[in-house]
Amino acid sequence: MSNTLETDALHECQSELNSLRQQIKMYYDFFGVISDALIIVNKDNKIVYVNNLACSLFMLREKELFHLNLDRFLQLVPKDILDYQTNMLIKEGVFTDEWTIKLADGTIKYVEYVATLDRLEEKRIYRIKDITTQKRKEQERNISVQMFADLFNQAVDNIVIYNKEGIIVDVNPSFCRTVGESKEHLAGKYIDEFVLSDYLNRWQEGKLEVDQEGSVKGEVVFTHSKGYTHYEYTTSTNMLNGLYMSIMRDVTEKLSIEKQLKKSERNFTDLFEQVLDAIVFWNKDGEILHVNHSAAKIFETDREDLIGLKLTDFVLTKDARYYFLLNELFEKKAIRAETFFLMPNGQRKLLEFTSRLHDEDDHIITIFRNVSEKYQMELQLRKSEQKFRKVFEDSIDGLILWDSSGKIADINESGLKILDIPQKMSARSVYDLINLQPENARNFEQYLNELNQNEFSSTIIPIHFKDGIIKHIEFSTRINTGLSLTVFRDVTERLEMQEQLRKSDTLNVVGELAAGIAHEIRNPMTALKGFIQLLQGSIQDDFSTYFRVITSELQRIETIITEFLVLAKPQAVKFLQRDINAILIETIELLTAQSLMQNIQFETCYNSEIENIYCEGNQLKQVFINIIKNAIEVMPNGGTIKVETDTYKEKYVCISISDQGQGIPEEKIKKLGEPFYTTKERGTGLGLMVSYKIIEEHKGWIDVESKLGSGTTFRIFLPLDGRRKGSL
């Protein structure tokens, strides 16, 4: 019985197994005919079943797909997403999502799948649908939308989208910036509110044309918080959504420029016709295309007659310079020159011209100016300049041309010699000349100040030179707007001659007066001296002191009379070759006693190599006595008198006598040697006058240098050969 039961159970199980196999076969047959790709994978994710559509999807045969791991096709899907999808499938039993699969040949496909979990068999069934085409269309659509959005947001042109009623739906940022309002504030407004009333009818007519034609172009002016904007616009409509889109370009600045350009063209036309210079347009062949009124006037013919003629035919001489200018014009595109032109009426004119070649149309514009009169004036000016230059260079007076800043433009040869300048200094100024010797600065500054105040000044200025020489220069200057001219001459000799003449006249008068006075006084003096001697012998009382005083004063009067007679008539003198050092030694010996009484010492320094000089020794001794006695008298408290001899310029001997007195003011030094001028309280002024006269007769001169508080130095210059007339 038990066997029977086992047999029955076995038959029943066999029957169910066959039934299940029949069902599985039916399922697989069903899987093979469904419209989607179907694959089944085991728990290791290896493919155990695929239908024909799956083979087509993966582009592999069925046997090639078997036992391949599904992950091989899912390399582009991130692992965390695959893990998420697997977990959701285990959790829910059914899960739907998308994959990006990469086939064996590298092809990329997008698929959508529905996964079912067979928990009994531990298998997963994937129903896969190829959505690659759909995805790509979606991507293209997204790209188009994004591109439109980018274009809409970044466009320079203003874009407004509005509905059929004119209510604004959207605007781009450019429009917001133009009108000065935000997108939120603009949304819901009517676009017609912005249209200027003068343009409103045309704007609305344009909307009707859009409905008929699909698009329209035009111009419109919008008003807004910032003012107004002139647009060129294009409006189109989308029949699907019923919206209008206007793309508007701001041409406000463009129209303003066009307006200015038209105005400039009008101004150019007015200028072209009214300008005084001649303007000629011509081509590369030389043919005249257009001329203004001034051109016709310069060329002495009508405008119509000039058109078509060749400008180059008017050139007087077509020499090498002419062809050089032509080449310059075509190479450098512009030239400026002047040349002679022959007018149609035979008149010759010098024309200055500027030519410019325009590459755009190969036309040349030339502006002419008649400079014939200027040319003649320049010729005359050159002649005048040559005359002036000849006078300037040959003038015996010094001439300086200088500008308002003091810079010297030119100085002639005579000026260089007078001012002892070795060469021309064109880059230097009058201030540099002044500062060559600091001693001159003060006098020149006074002169320049007077010149700036009066614009003209003429005066004599003593000029110090490097070698110690002082020249008296007479300056005359007039200030001009361009260059100022200073005329100067050396008047040192003239002033010296005038001074000598003045002194000579004075000496003549004094000599005549002295002759008369000396003879008139000497006779009574003789009587007085005789009677004084008789009285001195006859009077018993002791009046010797009185007699000595009277006798001393009478001798002083006689000495003065003797000096007068020196002035009154030439003295009989005998010139011999004498040793100047010996004469000085004899003189100092005579005065040593007097100097010791005044506590005065002599310091001597004689040049023993000095040659004998031709002189009258007694007269020179008288000169030295006069000067040394004056030195002793100006040092009541004692001191030192320095006596030196040396040569000067190899032609003269110089005797220097220096004291340590209070010095002599500069203004008084100039008067020394004049008759009756003295700086001493009881002096007569005759001593120095006689000394100056003696030195002049010896063909020499006396130079005095003094500094207040430091003493005075007398320098006596005598020629080494007194028989030859000495000169500096």
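Lys and Arg count as positive here, and Asp and Glu as negative. With that in hand, a spot to look at on this predicted model is a surface patch of positive charge where Lys259, Lys262, Lys263 and Arg266 gather. The protein has 728 residues, and 35% of them count as buried. Its fold is built with 22 helices and 27 strands. Below is a quick tour, from the overall numbers down to single residues.

**The big picture**

- If you add up the accessible surface of the protein, you get about 45700 Å². Carbon and sulfur atoms account for 52% of that surface.
- Take the contacts between residues at least 6 apart in sequence: 47% of these join residues at least 24 apart.
- The salt-bridge count comes to 20.

**The positive patch**

- The patch has four members to find on the surface: Lys259, Lys262, Lys263 and Arg266.
- Lys263 sits in helix α9, which covers residues 252-274.
- With a relative accessible area of 49%, Lys263 is partly exposed, because the exposed class begins over 50%.

**Salt bridges**

- A bit of background first: side chains of opposite charge can pair when their charged atoms come close.
- Glu705 and Arg715 make one such pair, with 2.8 Å between the closest N and O atoms. Glu705 belongs to strand β26 (residues 701-707) and Arg715 to strand β27 (residues 711-719), so this bridge ties together parts that are ten residues apart in sequence.
- Both partners of that strand-to-strand pair are partly exposed: Glu705 has a relative accessible area of 47%, and Arg715 comes in at 24%.
- Lys693 and Glu697 also meet through their side chains, at 3.9 Å from N to O. Both are in helix α22 (residues 686-697), and they are four residues apart, about one turn of the helix.
- On the accessibility side, Lys693 is partly exposed at 26%, and Glu697 is partly exposed at 39%.
- Asp313 pairs with Lys318, and their closest N and O atoms are 3.9 Å apart. Asp313 is exposed because its relative accessible area of 54% is over the 50% mark. Lys318, at 39%, counts as partly exposed.
- For something beyond a simple pair, look at Asp397, Glu474 and Arg489, which are linked in a network of salt bridges.

**A buried leucine: Leu306**

- Leu306 lies in helix α11, a helix that runs over residues 303-306.
- Its relative accessibility is 1%, and buried means under 20%, so Leu306 counts as buried.
- Setting aside neighbours within four places in sequence, Leu306 is in contact with Ile288, Val291, Ala295, Ala296, Phe299, Thr301 and Phe314.
- Val280 is 26 residues away from Leu306 in sequence, and the two C-alpha atoms are 9.7 Å apart in space.

**A partly exposed glutamate: Glu209**

- You'll find Glu209 in helix α8 (residues 197-213).
- At 38% relative accessibility, Glu209 counts as partly exposed.
- Not counting residues up to four places away in sequence, Glu209 touches Gly214, Ser215 and Val216.
- The C-alpha atoms of Glu209 and Thr235 are separated by 9.7 Å, with the residues 26 apart along the chain.

**Positive phi angles in loops**

- Glu122 has a phi near 60°, which is a positive value in a residue other than glycine. Look for Glu122 in the loop between β4 (108-118) and β5 (123-130). Glu122 is partly exposed, and its relative accessible area is 47%.
- Lys333 is another non-glycine residue with a positive phi, near 75°. Lys333 is placed in the loop between α12 (320-332) and β13 (334-342). With a relative accessible area of 31%, Lys333 is partly exposed.

Methods:
Residues numbered from 1 in each chain as written. Predicted model: local features only at pLDDT ≥ 70, side-chain atom pairs only at ≥ 80, totals over all residues. Heavy atoms only, no water. Helix = DSSP H or I, 4+ residues; strand = E, 2+ residues; numbered from the N terminus. Buried < 20%, exposed > 50% of the residue type's maximum accessible area, 1.4 Å probe, protein only. Contact = heavy atoms within 4.5 Å. Areas by Shrake-Rupley, 256 points an atom, 1.4 Å probe, with all protein chains shown as cover. Patch = residues over 30% accessible without salt bridge, like charges linked within 9 Å, V, L, I, M, F, W, Y side chains within 5 Å. Charge placed at Lys NZ, Arg CZ, Asp CG, Glu CD.
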